[in-house]
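The following note is offered to a colleague who is meeting this structure for the first time. It is arranged as numbered points, to be read beside the sequence and the model.

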Amino acid sequence: MIFDKEILTVPEVSYFLACSQQTIYNLIHTGKLEAYKGAGQKGRRGRVWKITAFSLEYYLRSMVSEYDPKKFQTTIEKN
């Protein structure tokens, strides 16, 4: 793991990825980044999204695997 915490919040993830918190919420709602709402006070459902370090690492690895250097290189050569 590249993180020193097991559970991260939306502000922490947005800081790490250098993007807005709204981008993180969009990733969560589209299913690209797995997250859950933590337990609230007195057993109520929580309001704060929690992201596990594992799911963030999985998302980052999937983004790297989507990148195809050959495809990118041919796009540059055409221009």
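1. Contact, as the word is used in this note, means heavy atoms within 4.5 Å. With neighbours within four places in sequence left aside, Ser55 is in contact with Leu33 and Glu34. The model in which these contacts are found is a predicted one. Ser55 returns in a later point, after the overall arrangement of the chain and its core.

2. Overall arrangement. The protein chain contains four helices and three strands. Their order along the sequence is β-α-α-β-β-α-α. Among contacts with a separation of 6 or more, 46% join residues 24 or more positions apart.

3. Surface and interior. Of the 79 residues in the protein chain, 23% are buried. The chain exposes about 6400 Å², and carbon and sulfur atoms supply 54% of that area.

4. The nonpolar core. Which residues make up the largest nonpolar core? There are 11 of them: Leu8, Val10, Val13, Ile24, Leu27, Ile28, Leu33, Trp49, Ile51, Leu56 and Tyr59. At least two residues of this core come from each of α1 (10-17), α2 (21-29), β3 (45-52) and α3 (53-66). The greatest contribution is that of α2, which gives three residues. As a general matter, nonpolar side chains in soluble globular proteins tend to be buried together.

5. Leu33 within the core. Leu33 is one of the core residues. Apart from neighbours within four places in sequence, Leu33 is in contact with Val13, Ile24, Leu27, Ile28, Ile51, Ser55, Leu56 and Tyr59. The list includes Ser55, for which the contact with Leu33 was given at the outset.

6. The buried face of α1. Helix α1 has Val10, Val13 and Ser14 as its buried residues. Viewed down the axis of α1, these buried residues fall within an arc of 100 degrees, so they line one face of the helix. Val10 and Val13 also belong to the largest nonpolar core.

7. Ala18. The loop between α1 and α2 contains Ala18. Although Ala18 is not a glycine, its phi is positive, at about 55 degrees. The position of this residue is just after α1. Is Ala18 buried or exposed? With a relative accessible area of 72%, Ala18 is exposed.

8. Salt bridges. How many salt bridges does the structure hold? There are two. In general, side chains of opposite charge can pair when their charged atoms come close. One of the two joins the side chains of Glu12 and Lys5, at 2.6 Å from N to O. Glu12 is partly exposed, at 30% relative accessibility, and Lys5 is likewise partly exposed, at 36%.

9. The salt bridge in α3. Glu57 pairs with Arg61 in a salt bridge, with the closest N and O atoms 2.9 Å apart. The two residues are four residues apart in helix α3, which means that about one helical turn separates Glu57 and Arg61. The burial of the partners should be noted: Glu57 counts as buried at 14% relative accessibility, whereas Arg61 is exposed, with a relative accessible area of 57%.

10. Ser55 and its polar contacts. Ser55 lies in helix α3 and is buried, with a relative accessible area of 8%. What does the side chain of Ser55 reach at 2.9 Å? At that distance is the backbone oxygen of Thr52. A polar atom of the Ser55 side chain also lies 3.1 Å from the backbone oxygen of Glu34. Glu34 is thus linked to Ser55 in two listed ways, through this polar pair and through the contact given in the first point.

11. Thr30 and its polar contacts. Thr30 is placed in the loop between α2 and β2 (36-39). At 55% relative accessibility, Thr30 counts as exposed. A polar atom of its side chain lies 2.9 Å from the backbone oxygen of Asn26. The backbone oxygen of Leu27 is 3.3 Å from a polar atom of the Thr30 side chain. Leu27 is itself a member of the largest nonpolar core.

12. Closing remark. Ser55 and Thr30 may usefully be read side by side: Ser55 is buried, whereas Thr30 is exposed. In each case the side chain is paired with backbone oxygens, including that of Thr52 for Ser55 and that of Asn26 for Thr30.

Conventions: Residues numbered from 1 in each chain as written. Predicted model: local features only at pLDDT ≥ 70, side-chain atom pairs only at ≥ 80, totals over all residues. Heavy atoms only, no water. Buried < 20%, exposed > 50% of the residue type's maximum accessible area, 1.4 Å probe, protein only. Areas by Shrake-Rupley, 256 points an atom, 1.4 Å probe, with all protein chains shown as cover. Core = buried A, V, L, I, M, F, W, Y, C linked by side-chain atoms within 4.5 Å. Arc of directions from axis to C-beta. Salt bridge = Lys/Arg side-chain N within 4 Å of Asp/Glu carboxyl O. Polar contact = N/O pair within 3.5 Å; in protein donor to acceptor, adjacent residues only side chain to side chain.
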